[in-house]
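Please walk through the model below, starting from one pair of strands and working outward to the rest of the fold.

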Amino acid sequence: MIGRPDREWGEVVVASRLARAGLSEVAARIASGMRAVAIPTEPGTAPPLSIGDRVDVLVALPPEAAGDGPPGFTLVSDAAVVSVEDASVTVAVPLELAPRIAVALGQGAVTLALVGA
């Protein structure tokens with residue numbers, strides 16, 4: 001056995017558990033059927049986040065954009081954080097919700113809420 005004998009080992013590395021060759025680090029974190037969407041953030045507008053955290057994507061719309069609907073709502077629940085930068089947090093969302101986030105970013109305020117255990 002190579003390594004430290006006092007350390008417990010996990011599973012054997014197999015090709016099916018690895019990302020396809022040529023993917024970036026962030027792209028390798030995105031499951032099939034999901035898309036990565038960057039949510040702009042400013043200091044103090046999102047909780048401290050790390051890769052692997054789970055968040056809800058919340059939208060607050062101005063009254064004229066909300067129409068008869070609620071001005072604030074959860075657009076995506078339990079999204080995985082796949083990248084954290086100074087001015088944005090990138091989350092993995094279902095393919096069909098990615099365009100809705102893009103529209104929400106153009107229409108209102110989009111923010112992230114950390115999901116606890």
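Val55 has Ala79 of strand 3 as its bridge partner. This model is predicted, and the pair belongs to a ladder in which strand 2 and strand 3 run antiparallel over six bridges. Helix 2 packs on the sheet and touches strand 1, strand 2, strand 3, strand 4 and strand 5, with a direction about 15° from that of strand 1.

The sheet itself is open and has five strands in the order 1-4-3-2-5, with antiparallel pairing. Strand 1 and strand 5 are its edge strands, each pairing on one side only. On average, neighbouring strands of the sheet are turned by 45° against each other, direction ignored.

Strand 3 spans residues 72-84. Gly72 has its place in this strand and counts as partly exposed because its relative accessible area is 41%, between the 20% limit for buried and the 50% limit for exposed. Its C-alpha atom is 7.2 Å from that of Leu58, although 14 residues separate Gly72 and Leu58 in sequence. Beyond neighbours within four places in sequence, Gly72 is in contact with Val59 and Ala60.

Further along strand 3 comes Asp78. What is the sign of phi at Asp78? The value is positive, near 60°, and Asp78 is not a glycine. Most residues other than glycine have a negative phi. With a relative accessible area of 38%, Asp78 is partly exposed.

Asp53 is placed in the loop between strand 1 (34-40) and strand 2 (54-60). Its relative accessibility is 23%, so Asp53 is partly exposed. The side chain of Asp53 reaches the backbone nitrogen of Ser50 at 2.8 Å. Leaving out residues up to four places away in sequence, Asp53 touches Pro48, Ala79, Ala80, Val81 and Leu114. The C-alpha atoms of Asp53 and Gly116 are separated by 8.8 Å, with their positions 63 residues apart along the chain.

On its other side in the strand order, strand 3 has strand 4 as neighbour. Strand 3 and strand 4 form a hairpin with three residues between them, and their antiparallel pairing runs over four bridges. One of the bridge pairs joins Val84 to Val89 in strand 4.

Strand 4 also pairs with strand 1, in the antiparallel sense and over seven bridges. Here Pro40 stands opposite Ser88 of strand 4. Ser88 lies in strand 4, which covers residues 88-94. Is Ser88 buried or exposed? Ser88 counts as buried because its relative accessibility is 18%, under the limit of 20%. Residues up to four places away in sequence not counted, Ser88 touches Ala38, Ile39, Pro40 and Thr41.

The burial of Ser88 can be set beside that of strand 4 as a whole. Six of the seven residues of strand 4 are buried, so this strand is largely enclosed by the rest of the structure. Val91 shows the surroundings in detail: apart from neighbours within four places in sequence, Val91 is in contact with Arg35, Ala36, Val37, Ile39, Val55, Val57, Ala79, Ala80, Val81 and Val82.

Val91 is also among the residues with the most contacts inside the largest nonpolar core, together with Ile39, Val76 and Val93; this core has 21 residues. Strand 1, strand 2, strand 3, strand 4, helix 2 and strand 5 each give two or more residues to the core. Strand 3 provides the largest share, four residues. In soluble globular proteins, nonpolar side chains tend to be buried together.

That leaves the helix that packs on the sheet. Which residues of helix 2 (residues 98-107) are buried? They are Ala98, Ile101 and Ala104. These residues lie on the same side of helix 2 because they cover an arc of only 115° around the axis. An α-helix has 3.6 residues a turn, so residues three or four places apart point the same way. The buried residues of helix 2 pack against strand 1, strand 2, strand 3, strand 4 and strand 5 (109-114). On the face turned away from the buried side, helix 2 carries the exposed residues Val103 and Gly106.

Notes:
Residues are numbered from 1 along each chain as its sequence is written. This is a predicted model: local features need pLDDT of at least 70, side-chain atom pairs count only at pLDDT 80 or more; totals for chains, interfaces and linings use all residues. Side-chain values use heavy atoms; hydrogens and water are left out. Buried means under 20% relative accessible area, exposed over 50%, partly exposed in between (1.4 Å probe, protein chains only). Contact means heavy atoms within 4.5 Å. A polar contact is a pair of N or O atoms within 3.5 Å; within protein, one must be able to donate a hydrogen and the other to accept it, and residues adjacent in sequence count only if both atoms are side-chain atoms. The arc is that of the directions from the helix axis to the C-beta atoms. Two strands pair if DSSP finds at least two bridges between them. Axes are lines fitted to C-alpha atoms, for helices over the stretch in contact, and angles run from 0 to 180 degrees between N-to-C directions. A nonpolar core is a set of buried Ala, Val, Leu, Ile, Met, Phe, Trp, Tyr and Cys residues joined through side-chain atoms within 4.5 Å.
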